[in-house]
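Subject: Handing over a structure

Dear colleague,

I am passing on the structure below, together with some notes on what turned up in it. Please look it over alongside the text that follows.

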Amino acid sequence: VIAPDLEEQPQSLKQHHEVTAPVLEEQPQQQQQPESSSRSQLIHVVSPYHSRTKNYFYPLDSTQWPMLVSLQHAQAEYMKWKEESSAQKFDSVIVVCAVTAADYDALHDVLTRYCQHTTVLPRTTSTEYPQLLSKDLPFFRDILEAGIGVAASDNYHLVFTNSDICLSKSFYIEVDSALESPDQVLFINRKTVRDVNVSELKLEEREGYFRAKHQAAKEIVAHGHFSIDSGDWTVHPGVDCFVMHSSILKKIDLGGDMFVGYPPFDFNFRLSLQVMTGSGGSSILHSNMLSGGTFHFGDDMSWREKSLSEEAVWNALGADVNYLTWCPIVALPPKNAETLLNAVACGKWFHPRDGGSIVPRFVKDGFEKDYFNNYAALLDYSETGMPFTKRTMGSTPEERLEWGADFS
């Protein structure tokens, strides 16, 4: 089905929370499997945002629209492969787009052409920290719960990627092949490819709305595929993609109050999954281990920009700033208020429960034994009393304590 070449008016937020609409290309048929099927549902959740800068791909931008196209292509490729293979692990691949309430009206008409579900997030950093941040950054927990909320059963895998991360056509096939056991967790880092010179696409000469933007996004994605196939890419050290089975997700609090867009939520969430799955329960798939994988255009690292004084955060949070010392993976000093707020939320997440317990708060009630069996028995507690000292990155526990004392 080809979408009409016209700009339709956004639908009311009150009328739609989860919606479907005509797509820009023929969607792969998601075959219905018997309820007794042991295959898992693969749910991929992303959180697109409304670009505040006018550009050809408005209301998105030149990274997000190609991301959506790449997901659609990877879905189609997996369903084609599924018809030809008897070893596939997934019944279906579902894309969930989780957006803020402020962005819903602007993005609705675009997202319904790519996402099987569009869900409104309950909060953002601007609603939770109005005195500090004007940005509508979504919370990691809320994004994951948007994906979990559409699961058809208790047997599913959840994939999370950032909104500017594109997929190779073979991505879901590679995930299927990499999973050696149902409860395994995968961490996939991206390839970095060169930015596309959008001006060379002569977008201003194209007519139409959805059709033209979709075609332009396809050309950008094709540029990324060509760069990967020709070896013109570099390794990126970050963690942009998580693949997690439902049996693991039910054991942890889903990210506390860490939000996306700024460190250190990614490395610390990865650590919590490694802790709860134990030795052999998780695998890190580096860029050079996959023929396709994921990719990103350029590497601007805008999160490094300084946006607000740390003193303002201290004045707003008071003694809560001291929770930062419990965040295992954090560089000091934080480069901006967003990173500092995220580090504080991370510290609260890893802080032991009340009442003298040594079990971190990220461990859900009833799964303490998993924590001790998989990891805690091997912990090397430092003289500070903090666990995870062997997994610390960016700063030592002692350095974090000293920084907290100096800052306060």
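I begin with Lys 135, which is partly exposed at a relative accessible area of 33% (buried means under 20% relative accessible area, exposed over 50%, and partly exposed in between, with a 1.4 Å probe and protein chains only). Before going further, please keep in mind that this is a predicted model, in which local features need pLDDT of at least 70 and side-chain atom pairs count only at pLDDT 80 or more, while totals for chains, interfaces and linings use all residues. Residues are numbered from 1 along each chain as its sequence is written, and side-chain values use heavy atoms, with hydrogens and water left out.

The side chain of Lys 135 joins that of Glu 338 in a salt bridge, at 3.6 Å from N to O (a salt bridge being a side-chain nitrogen of Lys or Arg within 4 Å of a carboxyl oxygen of Asp or Glu). This pair links distant parts of the chain, 203 residues apart, with Lys 135 in the loop between helix 3 (125-128) and helix 4 (140-148) and Glu 338 in helix 10 (helices, H or I of at least four residues, and strands, E of at least two, are DSSP runs numbered from the N terminus). Unlike its partly exposed partner, Glu 338 is buried, with a relative accessible area of 2%.

Helix 10 covers residues 337-350, and its end C-alpha atoms are 20 Å apart, in agreement with the 20 Å that its 14 residues should span at 1.5 Å a residue (the expected span is 1.5 Å times one less than the number of residues). Of those 14 residues, 13 are buried, so that the helix is mostly covered. Lys 348, also in helix 10, is nevertheless partly exposed at 30% relative accessibility. Its side chain meets that of Asp 320 in a salt bridge of 3.0 Å, N to O. Asp 320 lies in the loop between helix 9 (310-317) and helix 10, so the pair ties together parts that are 28 residues apart in sequence; Asp 320 is itself partly exposed, at 29%.

Further salt bridges bring the count to 13. One of them joins Asp 240 and Arg 190, whose closest N and O atoms are 3.2 Å apart. Asp 240 sits in the loop between strand 8 (233-235) and strand 9 (241-245), and Arg 190 in the loop between strand 6 and strand 7 (191-193), so this pair ties together parts that are 50 residues apart in sequence. Asp 240 counts as buried at 5% relative accessibility, and Arg 190 counts as buried at 7%.

Helix 1 has 21 residues and reaches 31 Å from its first C-alpha to its last, close to the 30 Å expected. Because 15 of its 21 residues are buried, helix 1 is largely enclosed by the rest of the structure.

Where are the cis peptide bonds that I noted? One runs from Tyr 58 to Pro 59, with omega near 20 degrees, and Pro 59 lies in the loop between strand 1 (40-46) and helix 1 (64-84). Another runs from Pro 263 to Pro 264, with omega near 5 degrees, and Pro 264 lies in the loop between helix 7 (246-249) and helix 8 (265-277).

Lastly, Asp 183, in the loop between helix 5 (171-178) and strand 6 (185-188), is partly exposed at 39% relative accessibility. Asp 183 and Met 244 are 61 residues apart in sequence and 7.5 Å apart in space, C-alpha to C-alpha.

With best wishes
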